[in-house]
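These are my notebook entries on one protein chain, written as I went through it. I began with the open space at its surface and then turned to the packing and the backbone.

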Amino acid sequence: MKTSIAIYPGSFDPVTNGHLDLIERGEKMFDLLIVAVLRNAEKSPLFSVAERVEMLREVTRQWSGVEVEVFDGLLVDYARKRHAGVILRGIRAISDYEYELQMALMNRKLEPRLETVFMLPGETYSYLSSKLVREIAQLGGPLQGLVPPVVEERLRAKIS
Ligand code: PNS
């Protein structure tokens, strides 16, 4: 029996097939997986937070154990509020490791009861990122296999 709540935080601008792969793996491990979109005023995102949440809800609706929410402020505060014991993050390659390690250790310093769990997405997605997806979309390249069809449509509409 699964008895835990995990948070999968990120920018998700936009959600990719790599994110979805991780959500699918996380959904099997935890009672509840909360996909938490950071409302970050500093960045200039392609999609608004509301659009990102809408796309995430659409592509995760087959999983009853997955919720999509927005969060502000410190991740550890949000985790406490949601009674989550785990932060889920994906590591695609060794280049992700340093940043992820720093974040995980800082979060541990801020809240020692919170564990960060790293999972590997399928190797097909090891080179995939939202940043590259946005660039390919902006330059009119093919997006098939990189993002769900609904996200591809939204990207095309946004760019045109
Ligand atoms: O998808 P991203 O942009 O790599 O996600 C980064 C995210 C949202 C996980 C990180 O920026 C975050 O947790 N921000 C919330 C503010 C916070 O808690 N900062 C301290 C982290 S050690």
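Entry 1, the pocket. I looked up the lining of the largest pocket in this predicted model and found 41 residues, with Pro9, Gly10, Ser11, Arg89 and Tyr99 lying nearest the centre. I noted a volume of about 1,200 Å³ for this pocket. By residue class the lining divides into 18 nonpolar, 14 polar and nine charged residues. I then asked which elements supply at least two residues of the lining each: they are strand S1 (5-10), helix H1 (17-29), strand S4 (86-90), helix H4 (94-110) and helix H5 (130-138). The largest share of the lining, nine residues, comes from H4.

Entry 2, two residues in helices. I picked Glu100, which is found in helix H4, and asked whether Glu100 is buried or exposed. Its relative accessible area is 5%, so I count Glu100 as buried, the cut-off being under 20%. Leaving aside neighbours within four places in sequence, Glu100 is in contact with Arg89, Gly90, Ile91 and Phe118; I recognise Arg89 from the list of residues nearest the centre of the largest pocket.

His19, for its part, sits in helix H1 and is buried as well, with a relative accessible area of 16%. Not counting residues up to four places away in sequence, His19 touches Tyr8, Phe12, Pro14 and Ser130. I also noted that His19 and Ser129, although 110 residues apart in sequence, are 8.9 Å apart in space, C-alpha to C-alpha.

Entry 3, the loop between S1 and H1. Two of the residues that His19 touches, Phe12 and Pro14, made me look at the backbone here. Most residues other than glycine have a negative phi, and most peptide bonds are trans. Pro14 lies in the loop between S1 and H1, and a cis peptide bond with omega of about 0 degrees joins Asp13 and Pro14. Phe12 is placed in the loop between S1 and H1 too, and its phi is positive, near 50 degrees. With a relative accessible area of 2%, Phe12 is buried.

I set His83 beside it: this residue, not a glycine, has a positive phi of about 55 degrees and is found in the loop between helix H3 (75-81) and S4. His83, however, is exposed, with a relative accessible area of 66%.

Entry 4, the cores. Which members of the largest nonpolar core touch the most other members? Of its 34 residues, I found these to be Tyr8, Ile23, Leu33, Val35, Leu56 and Leu155. Helix H2 (49-59) gives the largest share of this core, five residues. I followed Val35 outward and found that, residues up to four places away in sequence not counted, it touches Tyr8, Phe12, Ile23, Leu56, Val66, Glu67, Val68 and Glu69. Apart from this core lies another, of twelve residues, among them Ile34, Ala36, Leu75 and Leu114.

Entry 5, the whole chain. I counted six helices and five strands, in the order β-α-β-α-β-α-β-α-β-α-α along the sequence. The radius of gyration is 15 Å, which agrees with the value near 15 Å that a compact globule of 160 residues would have. The C-alpha trace spans about 45 × 30 × 30 Å along its principal axes, and 47% of the 160 residues count as buried. Of the contacts with a separation of 6 or more, residues 24 or more positions apart account for 75%.

Methods
Residues are numbered from 1 along each chain as its sequence is written. This is a predicted model: local features need pLDDT of at least 70, side-chain atom pairs count only at pLDDT 80 or more; totals for chains, interfaces and linings use all residues. Side-chain values use heavy atoms; hydrogens and water are left out. On a 1 Å grid over the protein atoms alone, a cavity is a set of points where a 1.4 Å probe fits but cannot get out, and a pocket is an open set with protein on both sides within 12 Å along at least five of seven lines; lining residues have an atom within 4 Å of a point. Grid points are joined across faces, edges and corners, and a volume is the space filled by probe spheres set on the points. Helices (H or I, at least four residues) and strands (E, at least two) are DSSP runs, numbered from the N terminus. Ala, Val, Leu, Ile, Met, Phe, Trp, Tyr, Cys and Pro count as nonpolar, Asp, Glu, Lys and Arg as charged, and the others, Gly among them, as polar. Buried means under 20% relative accessible area, exposed over 50%, partly exposed in between (1.4 Å probe, protein chains only). Contact means heavy atoms within 4.5 Å. A nonpolar core is a set of buried Ala, Val, Leu, Ile, Met, Phe, Trp, Tyr and Cys residues joined through side-chain atoms within 4.5 Å. The radius of gyration is taken over C-alpha atoms; the globule rule is 2.2 Å times the number of residues to the power 0.38.
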